[in-house]
Amino acid sequence: MTRISFETMKSEIKRAFVNAGMSEEKAEICARVHTETSCDGVASHGLNRVPRFVDYIKRGWVDVDAEPTLVKNLGAIEIYNGNRGPGILNALTAMDRAMEIAKTYGVGIVTLQNTTHWMRGGTYGLKAVNNGFIGICWTNTESVMPAWGAKDTRVGNNPFVMAVPRKKGHIILDMAMSQYSYGKLQTTELKNELLPFPGGFDEEGNLTREPGPIERTKRILPMGYWKGSGFSILLDAIAAIMSGGLSTNEIDKVQEGSCGGCSQVFIALDPSQINGEDHTEKITDGIVEFIKASEPEQDGGQVYYPGENSLNNRNRNMEQGIPVDDGIWKEVLSL
């Protein structure tokens with residue numbers, strides 16, 4: 001794979017977004033987020049998503065000029081209509097507002113209805129912890145996964161994020177409710193590799209590590225089997241109820257690309273108002289040190305805390321350049 005510098009990638013993505021009709025300011029923000037996502041090792045929701053996002057703009061599924069508007073203010077809770085604007089910009093606005101509310105109440109909750117794909121959910125957890133807040137957020141999606149015990153897709157993978165600030169390296173969990181996201185299937189197939197563990201069922205109903213057959217059947221495996229399926233269903237229900245927006249079964253009827261019209265929840269908690277920053281650092285450092293002191297299952301192996309690999313990827317890729325799939329990089333350059 002070719003390696004591209006951070007600034008070069010950001011510049012080319014911004015150019016593609018401006019060509020698609022975005023303002024310079026909005027294109028700059030979205031390009032930075034896509035580039036940071038690839039830099040952290042999640043190309044599936046970074047560079048690789050750029051052509052699809054441009055296509056959605058051209059189809060009218062994303063309104064590049066739209067801004068989120070306030071629907072209801074309940075003090076510690078605010079509800080916004082995303083007006084089908086760029087998902088990244090809507091989500092950043094929502095987390096910013098949740099943090100502002102948390103400065104007053106200790107907790108801030110902002111929900112979004114009628115928004116679009118937020119790309120990597122971890123971006124908004126990272127936004128919270130970089131400002132000293134605990135961040136929790138999730139989105140619902142269209143149906144991409146069978147409920148446990150079913151064959152046809154009726155459940156979203158509904159990514160869920162939790163993030164806790166730590167000066168030596170934030171603790172961040174960003175996970176889909178499927179064992180692997182469809183983005184992970186894509187990047188694994190591009191590398192002509194197998195998944196580390198079975199990720200879904202093939203055409204014969206057999207569990208497989210091959211990403212291609214799983215993409216074709218859409219029988220992707222819920223993480224934790226029935227637990228992931230149930231978790232996903234409840235995340236969908238709460239997001240739709242709290243935002244006044246669409247649930248997964250209603251998003252399916254819209255059929256305007258991935259996550260068109262989705263519902264999202266953003267929660268910011270201010271730990272500085274509980275026992276102060278020193279207490280937060282003591283707790284998080286103790287947890288990480290305890291985990292890192294584990295005996296690895298393999299000789300020479302390591303045990304990582306959530307978010308550590310992303311931090312390692314960012315440091316390495318900022319120095320060496322961000323790895324890209326040559327075909328996708330060529331496609332982005334042509335936009």
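The legends below describe close-up views of a predicted model.

**View 1. The second largest pocket and its lining.**
The second largest pocket encloses about 210 Å³ of space. Its lining is made up of 13 residues, among which Gly-132, Pro-165, Lys-167, Glu-277 and Glu-281 are the closest to the centre of the pocket. Helix H10, which spans residues 277–292, supplies the largest share of this lining, with 3 residues. Sorted by class, the residues that line the second largest pocket comprise 3 nonpolar, 5 polar and 5 charged.

**View 2. The largest cavity.**
The search for cavities of 30 Å³ or more returns a count of 1, and the largest cavity holds about 30 Å³ of space. The residues that line the largest cavity are Arg-49, Arg-52, Phe-53, Tyr-56, His-117 and Met-119. Divided by class, this lining contains 3 nonpolar residues, 1 polar residue and 2 charged residues.

**View 3. A nonpolar surface patch that includes Ile-241.**
Ile-233, Leu-234, Ile-238, Ile-241 and Met-242 together make a nonpolar surface patch of about 450 Å². One of these residues, Ile-241, belongs to helix H8, which runs over residues 226–243. Ile-241 has a relative accessible area of 65% and is therefore classed as exposed, the threshold for that class being over 50%.

**View 4. The salt bridge between Lys-14 and Glu-28, and the network around it.**
A search of the whole structure finds 19 salt bridges, and one of them joins the side chains of Lys-14 and Glu-28 at 3.2 Å, N to O. Lys-14 sits in helix H1 (residues 6–19) and Glu-28 in helix H2 (residues 24–39), so that the pair links distant parts of the chain, 14 residues apart. Glu-28 counts as partly exposed, with a relative accessibility of 27%. Both residues also appear in a network of salt bridges that links Glu-7, Lys-10, Lys-14, Glu-24 and Glu-28.

**View 5. The salt bridge between Asp-96 and Lys-127.**
The side chains of Asp-96 and Lys-127 form a salt bridge with an N to O distance of 3.4 Å. Because Asp-96 lies in helix H4 (residues 87–105) whereas Lys-127 lies in helix H5 (residues 122–129), the pair ties together parts of the chain that are 31 residues apart in sequence. Asp-96 is partly exposed at 32% relative accessibility, and Lys-127, with a relative accessible area of 26%, is also partly exposed.

**View 6. The salt bridge between Lys-168 and Asp-285.**
In this view the side chains of Lys-168 and Asp-285 meet in a salt bridge of 3.9 Å, N to O. Lys-168 is placed in the loop between strand E8 (160–164) and strand E9 (171–175), while Asp-285 is part of helix H10, so the salt bridge ties together parts that are 117 residues apart in sequence. The two partners fall into separate accessibility classes: Lys-168 is exposed, with a relative accessible area of 57%, whereas Asp-285 is buried, with a relative accessible area of 14%.

**View 7. Tyr-305 and Arg-166.**
Tyr-305 is found in the loop between H10 and helix H11 (308–320). With a relative accessible area of 8%, Tyr-305 is buried, since that class covers values under 20%. Although Tyr-305 and Arg-166 are 139 residues apart in sequence, their C-alpha atoms are 12 Å apart in space.

**View 8. Asn-192 and Cys-259, two residues with positive phi.**
Asn-192, although not a glycine, has a positive phi of about 60 degrees. This residue is located in the loop between helix H6 (182–190) and strand E10 (200–201), and at 72% relative accessibility Asn-192 counts as exposed. Cys-259, likewise not a glycine, has a positive phi of about 70 degrees. Cys-259 occupies the loop between helix H9 (248–254) and strand E12 (262–269), and, in contrast to the exposed Asn-192, Cys-259 counts as buried at 4% relative accessibility.

Definitions and conventions: Residues numbered from 1 in each chain as written. Predicted model: local features only at pLDDT ≥ 70, side-chain atom pairs only at ≥ 80, totals over all residues. Heavy atoms only, no water. 1 Å grid on protein atoms, 1.4 Å probe; cavity = no way out; pocket = protein on both sides within 12 Å on 5 of 7 lines; lining within 4 Å. Points joined across faces, edges and corners; volume = space filled by probe spheres on them. Helix = DSSP H or I, 4+ residues; strand = E, 2+ residues; numbered from the N terminus. Nonpolar A, V, L, I, M, F, W, Y, C, P; charged D, E, K, R; others polar. Patch = residues over 30% accessible without salt bridge, like charges linked within 9 Å, V, L, I, M, F, W, Y side chains within 5 Å. Areas by Shrake-Rupley, 256 points an atom, 1.4 Å probe, with all protein chains shown as cover. Salt bridge = Lys/Arg side-chain N within 4 Å of Asp/Glu carboxyl O. Buried < 20%, exposed > 50% of the residue type's maximum accessible area, 1.4 Å probe, protein only.
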